[in-house]
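Please open the structure in a viewer and keep the selection panel at hand. The stops below go from a whole chain to a single residue, and then to a helix pair and an interface.

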Amino acid sequence: MKILVCIKQVPDMESRFRVNSAGTWYEEQDLAFRLNEYDEYAIEQAVRVKEGLGGAADITVLSIGPDRAVEAIKKGLAMGGDRGVHIKADQPHQMDAWQIASLIAAFARDKNFDLIFTGLQSQDRGSGQVGGMVAELLGFACVTTVVGFELNGAVAAIRREMEGGLRGVVRLALPLVVTCQLGLNTPRYPTLPNIMKAKQKELLTFQAADFPVGDSLVQTEKMYPPEKKGRGLVLEGDVNELADKLAAILKEKAPALR
Amino acid sequence: MDFELSQDHKVLQSSVRDFVEKEVKPLAIQIDEQHAIPDELVRKMSAMGFLGSYLPEAYGGAGLDILSYAIVVEEVSKACASSGILISAHTSLACDPILQFGTEEQKRKYLPPLACGEKIGCILLTESDAGSDPANLSTTYVKDGSDFVINGNKIFVTNGGYRGTGILFATFDKSLKHKGISAFIVDLQSEGVEILRHESKLGIRGTYTTAFALNNLRLPASCLLGSEGQGFKIAMETLNGGRIGVSAQALGIAEGAFERARNYSKERVQFGRPIREQQAIQFKLADMYMRIETSRLAVYQAAWLKGNKKPYILESALCKLHASETATFVTKEALQIHGGYGYVTEYEVERMYRDAKITEIYEGTSEVQRLIIAKALLS
């Protein structure tokens, strides 16, 4: 079983974001970076598949980004990946989802992967498109927003989250791209011994330019913080009156109560 | 010269941070109030490899470096100083002397259970009349055939209550002063080892601070650490290394308190604006940050020196002195910034304020650190 996990390093969401001078991305200076949360579920699931097969699987952890992206790859290796692939790109935000997916597909095309796990989306760009595009480019099936994954031989039984709180179950054959959602699993912590072992694992480095990809299909024109809306609504009156007012508002605005 | 952590150290730091945030931080108030670290948390930290960070893989450790160890103690102490010193006392005061002075047989026997947390380590050095002056020990040993028989009392044994593996110091003849001292590795569940009490304390309440009586404790020759008469040297070298652990703990306490104070200064509105817009608060935050950053440089430098087998006695005393005084300063100011809420348990800085004080005392008081620094400068 050959598994590819595609991950991204993103800013810590606790950071304070400022739009950069070009007005097309955020200022990266002074930000702390970490592994994209959804990609942690992807790595964890890959490692669980490997464990379920008694170790008979080989996991490649791939990331596109500047030098610091190696930190995310190493975390993936410390969680149980076997080999890292770093496709170096100093300004990955200048590529659109199509170009990122094309890079991944160009690397993966002749490698005979059976399963590709990735996060549902990145916490910074959040396009949610890369997984699906990789599947299309490789001719793989794709299941998105996955919250349950079981493998029986070459068939996967997958639970996915759908609109309106519904769940769907699908069953399909490999090869397959899976995009992982919160709730799929609880990612393990990299232990100190595994962090040490990760240092010895193979790390292949490529330049983004090694893989010819076409022009971007989407250009970011402008990035800006949303305008500040008015303050919240303050209700006044005695307790009964307040409860009635609140209930009326909830009935009108909250779909769950309809 | 490079002041940035390596990528490997950053991976370690963020992994430990994630663990601490989810597993340690939520328990910190409970640990203080109940005077105990839950066994479950000790097991989880053991499973993370926190108790064998820089022990070689051959002895069950993770095989990382001393800087990694300092980062672990720092990160854990940001949330819980008791858990931080559990790791530090275990690693620096028990595992390290066995690693440095033990025979191959002793390392193979004692280090793997320590590295995985099956045994928690401690040092039995201090006595009622011998703290900063360990040459004045009264616990004595006599030889009986090839065995050693030990009698005496030990106090202030951090981690003592776990009854794991202890490094015990005793003298053959008190009149020989430091030349009479030998070190032993003791299984604290042995016959002849009696726990007298666990002290109730101002801070680091989750840790055991244990008093022992040793009554005709009989140890075979295989328990002697180093050679006879080498005990004083082992104690001094062990304490030099231990200061790195304590300073990392102090650094973590200071950082934990600073983060809370900085966040609180944004939230707390008085006179119509957040208090961080008051210069009185800004100056406090600037002073706190300055001391934290210089402490960090000093701690990481000492860890790097020890890890690279360079002389580090002065630097470990310096970082211990600076980081511990930083911890008491920063926690005091953090409490002050919180005003009345700082005095309330829920806001946690009152605990940090209490926890910080011990870092100026154990493993060499600030006064002793100044003596060590002066001696190194003037000799």
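Begin with the helix pair that forms the first close-up. The model is a predicted one. Select helix H2 (residues 69-79) and helix H5 (residues 192-200) of chain A; the crossing of H2(A) and H5(A) is right-handed. The two helices pack at an angle of about 115°, and their axes lie 8 Å apart.

Next, display the side chains at this crossing. From H2(A), the residues to show are A:Lys74, A:Leu77 and A:Ala78, which meet A:Asn194, A:Ile195 and A:Ala198 of H5(A). By class, the residues of this contact between H2(A) and H5(A) comprise 4 nonpolar, 1 polar and 1 charged.

Keep chain A in view and add chain B. Across the interface, 14 residues of chain A are in contact with 17 residues of chain B. The helices of the previous stop appear again here: H2 and H5 of chain A each supply at least two residues of the side that touches chain B. Colour that side of chain A by residue class, and it divides into 8 nonpolar, 1 polar and 5 charged residues.

Now hide chain A and select the whole of chain B. A cartoon representation shows 11 helices and 10 strands in chain B. The radius of gyration of chain B is 21 Å, close to the 21 Å that the globule rule gives for 379 residues, so chain B is as compact as a globular protein of that length. Along the principal axes, the C-alpha trace of chain B spans about 80 × 45 × 40 Å.

With chain B still selected, turn to burial and contacts. Of its 379 residues, 54% count as buried. Among the contacts in chain B that join residues at least 6 apart in sequence, 73% are between residues at least 24 apart.

For the last stop, select B:Leu335, which has its place in helix H9 (residues 313-338) of chain B. Is B:Leu335 buried or exposed? B:Leu335 counts as buried because it has 21 C-beta neighbours inside 10 Å, where the threshold for a buried residue is 20 or more.

Add the surroundings of this residue to the selection. Leaving aside neighbours within four places in sequence, B:Leu335 is in contact with B:Gly342, B:Val349, B:Glu350 and B:Tyr353. Finally, draw a distance between the C-alpha atoms of B:Leu335 and B:Ala261: these residues are 74 residues apart along the chain, and the separation is 7.6 Å.

Methods: Residues are numbered from 1 along each chain as its sequence is written. Chains are lettered from A and ligands numbered from 1 in the order in which they are written. This is a predicted model: local features need pLDDT of at least 70, side-chain atom pairs count only at pLDDT 80 or more; totals for chains, interfaces and linings use all residues. Helices (H or I, at least four residues) and strands (E, at least two) are DSSP runs, numbered from the N terminus. The radius of gyration is taken over C-alpha atoms; the globule rule is 2.2 Å times the number of residues to the power 0.38. A residue is buried if 20 or more other C-beta atoms lie within 10 Å of its own, exposed if 12 or fewer, and partly exposed in between; C-beta atoms are placed from the backbone. Two residues are in contact if their C-beta atoms, placed from the backbone, lie within 7 Å. Axes are lines fitted to C-alpha atoms, for helices over the stretch in contact, and angles run from 0 to 180 degrees between N-to-C directions. A crossing is left-handed if the near helix is turned anticlockwise from the far one by less than a right angle, and right-handed if clockwise. Ala, Val, Leu, Ile, Met, Phe, Trp, Tyr, Cys and Pro count as nonpolar, Asp, Glu, Lys and Arg as charged, and the others, Gly among them, as polar.
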